[in-house]
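Reader: Hey, got a minute to go through this one with me? I'd like to start with what counts as a polar contact.

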Amino acid sequence: MFTIRVNGVEHTVDASEDKPLLWVLRENLKLTGTKYGCGQALCGSCTVHVDGQPTRSCVMPISAVGNKQIRTIEDINTEHIGSLVQQTWQTLNVPQCGYCQSGQIMAATALLKNNASPSDQDIDKAMSGNICRCGTYPRIRKAIHKIAAEQL
Amino acid sequence: MTELDKISRRDFIRVSVLAGGGLLVACGGGGSSSRSNAPSGPGDNGGGTPVTPADAFQVGEFMRISTDNKITVLVGASEIGQGALTSIPMIVAEELDADWSQVTAEMSPVAANFNNPYFQNLLQFTVASSAIRGYFQGQRSVGAAVRQMLINAAAKRWGVEADTLRTEASFVIDDIGGRRASYGELSSAAAEEPIPNNPPLKDPAAYRIIGSSQQRLDAADKTNGSFRYGMDVDIPNMLTAVIARPPRFNGQALNVDDNAALAVPGVRSVHTILGGVAVVADDFWSADKGRKALIVQWNELLAGRTDSDTQRNAYNLRLNLPGLPIRTDGLVLLAQTLASETISADYYFPFMAHAAMEPLNVVVDYDGSSAEIWTGTQSATLDKIFAGLILGLLPDQITFHMMPSGGGFGRRGNPLADFVRDACAVAKAVRQPVKVIWTREDDMKGGFYRPAAAVRVSASIDSANNISAWTHRSVTQDVTALLYAENLLDSLADFTLPPLKELTDFETGMPYKIDNVLMDAHLTVNLAMPALWMRSVNKFSDVFAQETFIDELAMKVGKNPYNFRRDLLSEKPRHRAVLDAVADAAGWGFSSGGISQGIAVMGHWNSFVAQVVEVSVSANRELTIHRVVSAVDCGTAINPDLVIAQVESAVIFALSSILFGEILLEDGVVQQSNFDDYPVLRMYQTPVIETVIVNSGNPVGGVGELGVPCVGPALANAIFEATNERIRELPLTRSNFKIA
Ligand code: FES
Ligand code: FES
């Protein structure tokens, strides 16, 4: 039994200690917005915030979560920047299949929270761990710049 | 209506038609089977309140108009990221004269009246850039017919002639009488109107929705985590399974020691199925751990032993033998004899994986007498048929939910339905709802790759420095061979497949003005090596060879590659228009600062594209791709911003393939497993991408694959410009190029 804090709510979960947070979120807590893409910290689909840090939940065993605060895509609109990112993603038609976008949005939100006017290099650094097979990178870059220029 | 007659004679299809509730689909209209909500009579409406509590009517289940004026369009094409859930409703809404802000979309059920007209109304099948091309005309007719019914209902209500009324933004308007009624108010009465046979369609000049850039209807749900993919389906008592598959294709489980697997907490059962050994558990993690603990001995008597190196040698030998002619113009042999010079080049392209972001997955709930299936697929009709065969059910005993997909690129359009069959086999053994999940590794190693290909092109130059002959020979695998080889197809009795072989998409459209042309092909059969179409199919390799070689010829005769192409395209105005547009947009010939440009052009899927790639190459062979500029003519762009998005997507998809894409087989064993050894393009490697739409006003063309084939040759031509090296094989890592 593990007690974890997700989106401001405490959950007690019956899972083996090595079960990754990703699958705890998806299967035990039914928070399916966080996606499985590779299971090896290679694609970023499973990115969540752990104490505000973008983290690959597919390689974080539930036993390592402890008291840390987890935030997922389902709750990121409660953060000002998270909701800006979501809105701008919609305005610019960023998502295609959309499967990678939860991870992209969590990574972009974390970037903009730390850096209100990221350069292209900053964006490359923060976003290159997130694969998008549909090739939405140009729009992601544009959206991040747009938020920084117009709303931060 | 002949197609319809054909369809209704086929049992499988006929049942689906009845289940779908309409038969008029083939002429693009719809029939209503659910008019129980109809009002008692027209004309008793006071001031815009609905006549009855009835809230919807259905036209062949293509759409619902509710009394609050909301319109839901059911989409028969798969949503794989290309925006079908937005652009197809736009077509309907245009002819309906709907208020676009009140339109939403849903995936249709799997039923014959949603079949893709492009595939002769036989299948719901979303491959070959066919969604818009296939559905366009029919969707317009549906919209126009319903609009007419709404007008007729209003005319009756007001006692005026229908042709004195007009429509705008979901209202029928009587200018003379100074009144208006919303579609919602009229919907119940309209359902009682006869369905017009040939409703007039709008003049494209009057389009308000088609041709305007609209936000995707799925944009909000795809940014807040609520959009549901197959992977997210969750039903009560659902178990999760993973399948241990043989190291070589077509291997069979011989001995299974499942003791350790069954000892893993959470693992429920282990089942040997045709394609492997399924481990069924309470959750994914237990299933995956169980699979790791499984000990399987495989019977590899019939297993595939495809080896990348051996196959390459064999294909290269085949290049020396004449293939099946697919285009013959003039007299190539004679022209070659008379030529002052004939030059040729050989090219090679490896197997590549689609690697869609959402790994394959299927949920099946089978109870022995009926089944419900959920999966992201591009080929729902065939999936459902194969599911019925595995489960021993008739189509009307199966409810098939075509889920939107986290990418497809062709992999989810497998006419063999491999992933659905596997899952049904597991469900049959388990008799409890089960989700079969493919891990990334399963997906990467699971076959059905873009097949390897070898291409030889040659050109003859006459004494006046003109190209007098052109030959093009392709060797590749027939990706539909398995379908015809498997006995499964025979059990489909009278089921006729559309000509899937055509989807091989060999390049026969070589557009240049050359009098003597011979194109031939070898389609090899390798039943132990599952291959499948991948975004742009053989255009990827054929156009690469064609467009790099034409560049070579330009250099040889001392001409600018753009002008050289332009001159040879004097009879191809649409090719020429995109070529000119891209040269203009990219500033062809004006690059500076160590940046080299390359160009390429092609037409297919009733669309045309030209692209310029700008690259610089460092001394240690590091490539920096600065910019990719595309000019596209897709006839009529339904939603221009989504067309641009598809081109951006295609450019990046192509760059992944060109730079790194390679599945290697050693003695039948796939060597790649995940994104570490099968890299794809990432943000920092992505160039600036600019796209211009050349609006030719022609009929709608395909867009999903259009941006792929020219990127490779344009990049290779730019690399030549920079290094004087010709690229004859992909990926570029093979030529020791790195990406900066
Ligand atoms: S699923 Fe976690 S990084 Fe890919
Ligand atoms: S939108 Fe499809 S993978 Fe990113």
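Author: Sure. A polar contact is a pair of N or O atoms within 3.5 Å; within protein, one has to be able to donate a hydrogen and the other to accept it. Keep in mind that this is a predicted model.

Reader: OK, so which side chain does the side chain of Asp641(B) make a polar contact with?

Author: With the side chain of Asn93(A), at 2.9 Å.

Reader: And where does Asp641(B) lie?

Author: In helix 17 of chain B, which covers residues 640-659.

Reader: Is Asp641(B) buried or exposed?

Author: Buried. Its relative accessibility is 19%, and the cut-off for buried is under 20%.

Reader: What is Asp641(B) in contact with, neighbours within four places in sequence aside?

Author: Leu92(A), Asn93(A) and Arg139(A) from chain A, plus Ser213(B) from chain B.

Reader: Let's zoom out, then. How many residues of chain A are in contact with chain B?

Author: 51 residues of chain A, and they meet 56 residues of chain B. The two chains bury about 4300 Å² between them, with 55% of that on carbon and sulfur atoms.

Reader: Why quote an area?

Author: Because the size of an interface is often given as the accessible area lost when the parts come together.

Reader: Fair. How many salt bridges between chain A and chain B?

Author: Seven. One salt bridge joins the side chains of Lys35(A) and Asp232(B), at 2.5 Å from N to O.

Reader: And residue pairs in polar contact across the interface of chain A and chain B? How many?

Author: The rule finds 36, counting pairs where both residues are at pLDDT 80 or more.

Reader: Which elements give two or more residues to the side of chain A that touches chain B?

Author: Five helices of chain A: helix 1 (21-28), helix 2 (80-91), helix 3 (101-114), helix 4 (120-127) and helix 5 (137-151). Helix 5 of chain A gives the most, with five residues.

Reader: What's on that side of chain A by class?

Author: 22 nonpolar, 18 polar and 11 charged residues.

Reader: Switching topic: what's the domain assignment of chain A?

Author: Domain 1 runs over 2-71 and domain 2 over 76-151. Their C-alpha centres lie 21 Å apart. The contact takes 14 residues from domain 1 of chain A and 15 from domain 2 of chain A.

Reader: What's the area buried between domain 1 and domain 2 of chain A?

Author: About 1200 Å², of which carbon and sulfur atoms give 49%.

Reader: Which polar links should I look at there?

Author: The count between domain 1 and domain 2 of chain A is one salt bridge. Arg71(A) and Glu79(A) meet through their side chains in a salt bridge, 2.5 Å from N to O. The two domains also have eight residue pairs in polar contact, both residues at pLDDT 80 or more.

Reader: And which strands supply at least two residues of the domain 1 side?

Author: Strand 3 (47-50) and strand 4 (53-56) of chain A. Strand 3 has the largest share, three residues. That side of domain 1 of chain A divides into five nonpolar, six polar and three charged residues.

Reader: Last one: why is helix 7 of chain B largely enclosed by the rest of the structure?

Author: Because eight of its 10 residues (284-293) are buried. Among the buried ones are Phe284(B), Trp285(B), Asp288(B) and Arg291(B).

How values were computed. Residues are numbered from 1 along each chain as its sequence is written. Chains are lettered from A and ligands numbered from 1 in the order in which they are written. This is a predicted model: local features need pLDDT of at least 70, side-chain atom pairs count only at pLDDT 80 or more; totals for chains, interfaces and linings use all residues. Side-chain values use heavy atoms; hydrogens and water are left out. Contact means heavy atoms within 4.5 Å. Buried area is the accessible area (1.4 Å probe) that two parts lose on being put together, summed over both. A salt bridge is a side-chain nitrogen of Lys or Arg within 4 Å of a carboxyl oxygen of Asp or Glu. Helices (H or I, at least four residues) and strands (E, at least two) are DSSP runs, numbered from the N terminus. Ala, Val, Leu, Ile, Met, Phe, Trp, Tyr, Cys and Pro count as nonpolar, Asp, Glu, Lys and Arg as charged, and the others, Gly among them, as polar. Buried means under 20% relative accessible area, exposed over 50%, partly exposed in between (1.4 Å probe, protein chains only). Domain bounds come from an automatic or database domain assignment.
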